[in-house]
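Reader: I have a model open with a ligand in it. Can you walk me through the site, then the strands?

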Amino acid sequence: MDKLILASRNKNKIEEMKQLVAHLGIDVFSALDFPDLEEVEEDKPTLEGNALKKARYVNQQTGIPALSDDTGLEVEALDGAPGVYSARYAGENASYQDNVLKLLEALKGKENRAAQFRTVVALVDGDQEWTFEGVCKGKIIEDQIGKKGFGYDPIFMPNEFAETFAQMDPNIKNLISHRGKAVQRFLEFLED
Ligand code: IMP
């Protein structure tokens with residue numbers, strides 16, 4: 001494999017993923033390099049379903065092996081919600097901030113703050129398809145702390161750390177995060 005396209009337009013995510021695969025020395029593109037690609041609706045009931053749907057579309061349109069990811073934040077006291085609906089937890093065009101505030105409200109007064117991020121990365125190359133999973137366990141804190149990262153980062157504190165993802169050096173986040181672990185599995189697969 002000498003080329004790879006990331007099936008995403010999210011600049012934060014593209015940046016994180018490019019760093020993770022940089023050492024492979026392959027040409028890494030993203031959906032931003034192909035403006036004609038349409039937005040793929042994430043309407044499947046599972047992270048696996050959404051990740052495969054995005055990677056299949058981008059691979060079909062570009063002919064380049066496509067890597068996509070879908071992530072959900074699974075909160076124990078909410079029976080796994082927002083999960084696959086994390087991006088639109090507070091409504092269709094919800095901002096990161098809307099989602100964060102809605103989650104803090106839903107957990108108000110609850111003692112159990114346990115949560116995990118789960119990422120499924122899908123690789124599609126013609127009729128060959130693979131998925132790789134990564135999980136990062138932690139807790140939802142009561143107020144937002146930190147300015148780095150994106151999404152739910154200011155309220156997620158990974159286990160065994162005293163800072164949120166939004167306070168953390170991005171290189172450390174990449175090492176321990178759900179997406180980092182899923183991409184790590186993908187890299188191990190490539191090395192095999
Ligand atoms: P998506 O699968 O990347 O679309 O992400 C679903 C939702 O989870 C979005 O609201 C993202 O902001 C959020 N999300 C995904 N990855 C992360 C992360 O690493 N940190 C915080 N929030 C994330």
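Author: First a cut-off: a residue counts as near the ligand if one of its heavy atoms lies within 4 Å of it. Also, this is a predicted model.

Reader: Fine. How many residues surround the ligand, and which are the closest?

Author: 15 residues surround the ligand, and the closest are Lys13, Asp70, Thr71, Asp153 and Arg179. By type, the shell divides into five nonpolar, four polar and six charged residues.

Reader: Which elements each supply at least two residues of the shell?

Author: β3 (66-75) and α5 (178-191) each do that.

Reader: What about polar contacts? Start with the ligand nitrogen and Asp153.

Author: A ligand nitrogen is 2.6 Å from an N or O atom in the Asp153 side chain. On the oxygen side, a ligand oxygen is 2.8 Å from a side-chain N or O atom of Lys173. His178 has a polar side-chain atom 2.9 Å from an oxygen atom of the ligand.

Reader: Is the ligand buried or exposed?

Author: Buried: taken alone the ligand exposes 480 Å², and the protein buries 94% of that. The ligand sits in the largest pocket.

Reader: Strands now. How do β5 and β6 pair?

Author: β5 (residues 114-125) and β6 (residues 128-140) are antiparallel, paired over twelve bridges. One of the bridge pairs joins Phe117 to Cys136 in β6.

Reader: And what is in the turn between β5 and β6?

Author: The two strands form a hairpin with two residues between them, and Gly126 in the turn has a positive phi of about 60°.

Reader: Where does β7 come in?

Author: β7 (residues 156-158) pairs with β6 in the antiparallel sense, over three bridges. There, Pro158 in β7 stands opposite Gly138.

Definitions and conventions. Residues numbered from 1 in each chain as written. Predicted model: local features only at pLDDT ≥ 70, side-chain atom pairs only at ≥ 80, totals over all residues. Heavy atoms only, no water. Polar contact = N/O pair within 3.5 Å; in protein donor to acceptor, adjacent residues only side chain to side chain. Areas by Shrake-Rupley, 256 points an atom, 1.4 Å probe, with all protein chains shown as cover. 1 Å grid on protein atoms, 1.4 Å probe; cavity = no way out; pocket = protein on both sides within 12 Å on 5 of 7 lines; lining within 4 Å. Sits in = over half its atoms within 2 Å of the grid points. Helix = DSSP H or I, 4+ residues; strand = E, 2+ residues; numbered from the N terminus. Nonpolar A, V, L, I, M, F, W, Y, C, P; charged D, E, K, R; others polar. Pairing = 2+ DSSP bridges.
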